[in-house]
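Q: I would like to learn how to read a protein structure, beginning with what is hidden inside. Could you walk me through it?

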Amino acid sequence: MQVWLQVSLKRQQLVVHTEKGAHSYPVSTAKAGAGERNGSGCTPRGRHYIRACIGSGQPAGAVFVGRRPTGEVYSDRLAASHPERDWILTRILWLCGREPGFNRGGAVDTQRRYIYIHGTPDTEPMGTPLSHGCIRMRNTDLLELFEQVSPGTDILIEE
């Protein structure tokens with residue numbers, strides 16, 4: 001059995017399934033709920049895979065813009081000086097849909113929507129939908145998850 005991921009929008013939970021069993025993490029998905037359309041601000045549902053694992057070797061709290069590290073490490077001071085930023089921290093797992101017409105291609109393409117699993121400031125609550133479509137995780141949890149997955153890892157996002 002390979003590692004695969006399961007996200008429950010209802011439970012705001014990500015489960016890692018491995019040969020040794022399952023382990024869950026709290027997450028925060030889209031405030032706008034479930035949906036696949038470009039510009040919706042929703043978290044897409046269905047079968048996906050990890051297209052790219054980004055950020056290996058970066059410190060916990062590393063700040064990313066456009067999938068590239070800025071050289072900054074998140075702090076309260078940095079946050080106060082950039083209140084407009086939607087913080088993408090530590091690591092990025094970039095998702096790609098597997099279902100043409102539902103979450104892949106056209107106006108419903110998860111990859112082109114830049115939907116990630118990524119870290120967020122520790123001040124952001126988990127278990128509450130607050131993102132702009134991505135799946136947010138605690139930075140320590142994301143570091144642990146990052147070591148268990150690779151490009152091609154399957155992920156199922158369910159309501």
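A: Gladly! A residue counts as buried when its relative accessible area is under 20%. Keep in mind that this is a predicted model.

Q: Is Gln12 buried or exposed?

A: Gln12 has a relative accessible area of 4%, so it is buried. Gln12 sits in the loop between E1 and E2. Its phi is positive, about 50°, although Gln12 is not a glycine.

Q: Which other residue, not a glycine, has a positive phi?

A: Tyr114, with a phi near 60°. Tyr114 belongs to the loop between E7 and strand E8 (116-119). Its relative accessibility is 40%, so Tyr114 counts as partly exposed.

Q: How do I read a nonpolar core?

A: Think of buried nonpolar residues joined through side-chain atoms within 4.5 Å. Here the largest such core has 20 residues, and Leu5, Leu14, Leu93, Leu95, Ile117, Met137 and Leu145 have the most contacts inside it.

Q: Which strands and helices each supply at least two residues of this core?

A: They are strands E1 (4-8), E2 (13-18), E7 (89-97), E9 (135-137) and E10 (154-158), together with helix H2 (139-146). H2 gives the most, with three residues.

Q: What does Ile117 touch?

A: Leaving out residues up to four places away in sequence, Ile117 touches several residues, including Leu5, Leu14, Leu93, Met137 and Leu145. Arg91 is also one of its contacts.

Q: What lies apart from the largest core?

A: Another core, of nine residues, lies apart from it; among them are Ile54, Ile88, Ile92 and Tyr116.

Note on methods
Residues are numbered from 1 along each chain as its sequence is written. This is a predicted model: local features need pLDDT of at least 70, side-chain atom pairs count only at pLDDT 80 or more; totals for chains, interfaces and linings use all residues. Side-chain values use heavy atoms; hydrogens and water are left out. Buried means under 20% relative accessible area, exposed over 50%, partly exposed in between (1.4 Å probe, protein chains only). Helices (H or I, at least four residues) and strands (E, at least two) are DSSP runs, numbered from the N terminus. Contact means heavy atoms within 4.5 Å.
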